[in-house]
Amino acid sequence: MKRTLALVLALVLALGLLAGCGGSEESAAPESTAPQSDAPEASGGDSAWPNGTVTVHAASKAGGSTDLHTRFITAAWSPLIGENVVVQNYDSSAVAFSSVAAMDPDGQNLLCMHTGVIDSYLTGATDVNPLEDLEVVAVMQDFGLQAIIASPDAPYDNFAEMIEYAKEHPGELSCAIATKNATHFLWGSIAQKCGVEFRMVEAANETEKLTNVAGGFISLGNCSAANGVSYEADGKVKVLGLMANTADADTSAYPQYTLITDQGVDYTSNSYIFLFAPAGTPEETLQAMNASLEGVTADEAYIEGMTNMGCAPGWMNLEDSRAALQEFYDSEHSVAESLGILAEGR
Amino acid sequence: MKLNRTQVVGVIFLLIAAFFAAMTPSIHVIDGLYEPGPRIFPYLAEGIIAVCSIIMIIQARGKEKDPTAPESKPYLDKAGWKRLGLASALMIAYAILLTVLGFLISTPIMTLAFIFVLSSGEKVNKIAAIVITAVLTVGIYFLFTELFSIPLPSGILF
Amino acid sequence: MDAFLSSFMTSLDPLNLLLMAVCAVIGVIFGAIPGLSGGMGMTLILPLTFGMAMYNGFSMLLGMYVGGISGSFIAAVLVGIPGSASSIATCYDGYPMSQKGQTSKALALGIICSFMGTFFSVIVAMLLSGPIADLALKLGPWELFSLCFCAVVLVASLSRGNAVKGLIGAGIGLLAACVGMDPVTASLRFTFDSVYAQGGIDMVATMLGIYALLQVTADFAKGNQKLPEVKAKDLRGIGVTLRDFTSNVKTIVVSFVLGLWIGFLPGMGSGLANLVAYAQCKSISKNQEEWGTGIPQGVMASEVSNNAAIGGALIPMMSLGIPGDAPTALLLSGLIIHGMQPGPLLISSHPEFVYFTFIMVELAAIFVVVSELLTKRWFPFLLKVPYHYLYSAILVMCYVGAYTSTSSIFNVFMMVFFLFIGILFQMADIPASPMILAFILAENLESYFRKGFSYTDEGILPFFTRPVSLAFLLLAAFSVFWPVISAKMQQKKKAKV
């Protein structure tokens with residue numbers, strides 16, 4: 001018994017040492033045989049990307065809205081690039097950001113997240129800077145129409161009336177936010193632009209917002225237009241208005257509601273879906289990825305999916321995507337500053 | 001002062017509670033919260049552990065003299081502690097090897113180690129052990145990386 | 001009625017049945033192997049269902065869902081390691097039964113109870129979704145906190161040994177759950193500047209460490225390395241009699257109700273149901289001391305409840321578009337992918353789909369129970385594999401499972417860490433269930449408590465002034481103090497005589 005043990009331990013140590021000196025890295029995806037594309041290739045020539053299965057890291061749990069957006073993109077993208085595209089989920093978006101930022105810049109791993117990544121950075125919820133630690137690959141579809149909802153027995157029937165009420169009762173109305181994240185910015189901006197004071201309380205995901213507003217525990221919240229409308233039809237909430245990324249968004253699917261921009265509130269969101277690669281990814285890889293994504297918007301299943309979710313299909317080329325990211329960053333930065341939630345050094 | 005086995009555990013948990021209690025004040029609390037904040041539950045947990053550990057230590061006093069109490073018998077005899085140490089070392093080793101060397105190298109090594117150690121001296125057919133190890137390693141590898149597209153540890157050395 | 005009939009015909013479509021059956025079998029296998037789970041199986045096939053016709057895709061997902069929860073008891077009974085969190089409590093009596101030579105009976109109980117839980121809970125869901133669902137909306141964070149609090153206190157106070165030890169376990173579970181980001185303001189806690197710790201300690205890693213790794217290590221240290229012996233003649237027949245069920249009606253009913261209710265509550269599912277049902281059924285039984293030694297009631301309490309959680313979870317999913325547990329969240333996204341809008345209008349706008357789901361779950365339950373009963377005699381053959389091969393394979397699966405659940409090696413180390421916590425627990429005779437329960441519930445407890453605080457400006461009052469919340473808190477207090485009071489009353493009685 002003792003001898004066998006000693007042999008086993010010695011074997012373990014010996015193999016460990018041997019492997020440490022000369023072992024090879026075992027990776028899940030087939031080994032990349034292409035040279036690291038540091039040298040710029042001739043334009044028009046095929047770049048080294050893609051090289052085997054591409055993994056898109058969705059910064060949300062399986063089944064969450066960001067996850068669904070990711071899956072619609074990846075399902076349409078896979079046949080376009082001729083490779084398997086796999087989605088990996090994360091319980092915490094901050095872990096998703098950090099993980100992808102630390103990966104090799106070879107185009108095999110991407111991050112899919114909405115504009116909230118900027119908000120998370122500005123407030124210090126994550127240390128990953130979307131401008132420096134990540135490279136934008138493409139701005140894709142927008143996040144779709146959102147509804148502003150309130151409890152069914154609220155003393156106001158639309159957004160403008162709610163603002164009036166809020167002015168007369170400062171601090172009484174509560175709104176559902178996810179601290180340091182996108183909805184925090186949303187309600188903070190609305191409060192500023194309308195000159196009112198809300199009590200901001202935590203209810204981070206769609207489910208919680210719907211149930212707490214329906215139960216009357218929180219006064220106001222935002223959710224997807226589809227959810228808001230179906231809950232209102234069942235008498236569970238009241239929709240005060242719709243919210244979109246632009247003031248001229250198409251609301252024909254919901255003719256009985258108006259955009260809050262039409263109700264006198266100068267607020268539009270910046271909710272788009274982004275695809276990012278780790279910083280240091282070579283330019284032509286980024287170009288190749290961006291160009292290949294254009295075809296996604298022509299995919300039937302993708303279009304149908306977007307329509308069902310009330311989102312407009314979209315894709316921007318690399319230049320426009322970068323400009324958009326910078327624009328959103330600057331605008332969110334000033335909002336964060338005025339709300340006093342900018343983290344140190346941002 | 002000789003402590004019986006329950007009391008030793010009580011002291012360890014008390015120390016753990018104290019350790020974390022020392023770190024709790026560095027948890028960042030944002031301003032303007034309407035609620036108690038992120039430190040309250042850690043303090044609650046540390047408090048429960050500390051208070052109950054002290055009660056447990058006191059309650060266990062003298063139990064080692066009570067033949068019906070588990071404290072009267074040692075948890076393990078000397079040979080048992082050695083075996084525990086060996087098994088624990090293997091468990092830790094596998095975790096470290098997975099981190100450093102990745103799945104494909106660590107698993108065959110550790111599976112063989114497990115087989116030989118768990119056999120506790122019973123005769124093990126070496127060929128059978130090697131075959132089973134190979135099948136297990138390769139099987140899991142293909143199942144996860146090819147069929148499921150779920151990555152396995154790839155090690156940090158290369 | 002039309003919609004019901006047409007859904008029935010759709011579900012009997014041979015392709016749907018075949019897909020469901022195949023996925024149910026895979027689900028059972030996934031559920032049975034520690035380190036894998038039915039939920040993982042569902043995540044794997046979700047992208048496949050994308051491109052498929054809706055009913056085909058859902059047949060697969062539902063088969064996997066039912067199979068996964070129904071399969072986890074197999075490993076619990078045969079080797080004493082839960083296949084997934086839904087059968088932790090099954091180990092407490094299922095494995096001792098097997099060690100006593102009653103393997104066949106334990107397996108049969110698990111199979112039939114799982115079926116009963118699924119089948120009847122779905123019938124309840126079908127009939128009462130609407131009215132019960134509205135209940136979900138009336139429960140604010142105060143009620144939900146008090147409920148979770150009551151569950152933890154119940155399990156801690158009932159633990160074998162004494163309540164103090166149970167509370168230490170609960171405290172450790174709470175503290176471990178604090179590692180990572182806090183659930184309300186996302187502040188980092190106890191992460192020691194490690195990015196990997198930010199996601200927190202994973203439940204699968206904790207469970208594998210304290211149940212699987214601990215069992216192997218402790219058995220090895222103590223020299224207990226015998227697999228339960230299985231005699232051929234025990235394997236014939238079904239293995240249980242009607243008597244086993246009729247004499248335990250109370251256990252079955254209580255377990256069923258608890259499982260249904262817990263599955264219904266948002267974010268809580270079969271992983272929680274089996275622990276709470278086991279503790280509660282034990283506390284109301286006349287033979288408390290026998291629980292944990294290998295009695296049928298223990299297996300029944302655990303297995304009825306974890307499957308009853310299926311029907312429970314379907315209620316809010318169908319009538320509110322809210323996930324009752326993690327697998328239903330995947331089902332919901334499957335819905336959206338196929339263009340259906342989950343929410344209160346789902347039943348009225350797509351009744352055929354809703355009925356199809358209920359019917360298919362029932363069919364899956366029937367398929368699983370029949371096929372498991374037919375193949376049951378071969379399960380124990382697993383125990384003929386020599387100990388050192390079987391457990392080596394199990395250990396490797398545990399490491400793989402701990403890694404793959406979050407793709408992070410951090411959780412592998414956490415699993416080993418909980419092995420050591422488990423050893424300390426064994427030394428002091430501290431039971432593991434309060435710890436794991438507190439660990440599972442901690443996020444809910446903390447987030448409901450702090451949110452409840454912030455939603456009104458009355459601070460802690462609403463927890464006591466809201467009637468339902470107060471009721472649960474009183475129940476918790478009662479379950480702690482009643483044993484003490486009743487013991488004192490017994491003493492007085494004895495003194496008088």
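Start by selecting β1 (54-58) and β3 (109-114) of chain A: in this predicted model, the two strands pair in the parallel sense over four bridges. To see the pairing up close, pick A:H57, which stands opposite A:L111 in β3(A).

**Stay on β3**

Keep β3(A) highlighted and show its side chains. Is this strand mostly covered or not? Six of its six residues are buried. A:N109, A:L111 and A:M113 point one way, while A:L110, A:C112 and A:H114 point the other way, and all are buried.

Now add β10 (272-278) of chain A. β3(A) and β10(A) also pair over four bridges, here in the antiparallel sense. A good place to look is A:H114, which stands opposite A:I273 in β10(A).

**Widen to the sheet**

Next, bring in β4 (134-142) of chain A. Six bridges join β4(A) to β10(A), and the two run antiparallel. Here A:V139 stands opposite A:F274 in β10(A).

With β2 (85-89) of chain A selected too, which order do the strands follow across the sheet? Five strands form an open sheet in the order β2-β1-β3-β10-β4 (chain A), with mixed pairing. β2 and β4 of chain A stand at the edges, each with a single partner strand, so one side of each has no neighbour in the sheet. Turn the view and you can follow the twist: neighbouring strands of this sheet are turned by 25° against each other on average, direction ignored.

**Two helices to add**

Select α3, residues 93-101 of chain A. Helix α3 lies across β1, β3, β4 and β10 of chain A, running at about 145° to β3(A).

Then move to α9, residues 283-294 of chain A. This helix has 12 residues and reaches 17 Å from its first C-alpha to its last, close to the 16 Å expected at 1.5 Å a residue. Colour A:E284, A:T285, A:L286, A:A288, A:M289, A:N290 and A:L293, which are buried. What do the buried residues of α9(A) pack against? Their neighbours are α2 (65-81), β4, β10 and α11 (318-339) of chain A.

**Step back to chain A**

Zoom out to see the whole chain, with its 11 helices and 10 strands. Buried residues make up 52% of the 346 residues in chain A. Of the contacts in this chain with a separation of 6 or more, 74% are between residues 24 or more positions apart.

Try colouring by domain: chain A is divided into domain 1 (54-142 + 271-339) and domain 2 (146-263). Their centres, taken over C-alpha atoms, are separated by 26 Å. Where the two meet, 16 residues of domain 1 are in contact with 13 residues of domain 2. On the domain 1 side, α4 (116-122) and α11 of chain A are the elements that give two or more residues. α11(A) gives the most, with five residues. By class, this side of domain 1 has five nonpolar, eight polar and three charged residues.

For a stop outside these elements, find A:A48 in the loop between α1 (2-22) and β1 of chain A. Is A:A48 buried or partly exposed? A:A48 is partly exposed, with 18 other C-beta atoms within 10 Å. Draw a distance from its C-alpha to that of A:S189, 141 residues apart along the chain, and you span 44 Å.

**Bring in chain C**

Show chains A and C together. Their contact takes 37 residues from chain A and 34 residues from chain C. On the chain A side, the elements giving two or more residues are α2, β2, α3, β7 (199-202), α7 (206-214), α8 (225-233) and α10 (300-309). The largest share, five residues, comes from α8(A). This side has 16 nonpolar, 13 polar and eight charged residues.

**Finish with chain B**

Select chain B, whose domain assignment gives domain 1 (5-72) and domain 2 (78-148). The C-alpha centres of these two domains lie 35 Å apart.

Add chain C again: the contact takes 59 residues from chain B and 49 residues from chain C. Highlight α1 (5-23), α2 (40-59), α3 (78-101), α4 (103-118) and α5 (126-148) of chain B, the elements that give two or more residues to the side touching chain C. α2(B) gives the most, with 12 residues. By class, this side of chain B has 43 nonpolar, 12 polar and four charged residues.

Terms used:
Residues are numbered from 1 along each chain as its sequence is written. Chains are lettered from A and ligands numbered from 1 in the order in which they are written. This is a predicted model: local features need pLDDT of at least 70, side-chain atom pairs count only at pLDDT 80 or more; totals for chains, interfaces and linings use all residues. The expected span of a helix is 1.5 Å times one less than its number of residues. A residue is buried if 20 or more other C-beta atoms lie within 10 Å of its own, exposed if 12 or fewer, and partly exposed in between; C-beta atoms are placed from the backbone. Two residues are in contact if their C-beta atoms, placed from the backbone, lie within 7 Å. Two strands pair if DSSP finds at least two bridges between them. Axes are lines fitted to C-alpha atoms, for helices over the stretch in contact, and angles run from 0 to 180 degrees between N-to-C directions. Ala, Val, Leu, Ile, Met, Phe, Trp, Tyr, Cys and Pro count as nonpolar, Asp, Glu, Lys and Arg as charged, and the others, Gly among them, as polar. Domain bounds come from an automatic or database domain assignment.
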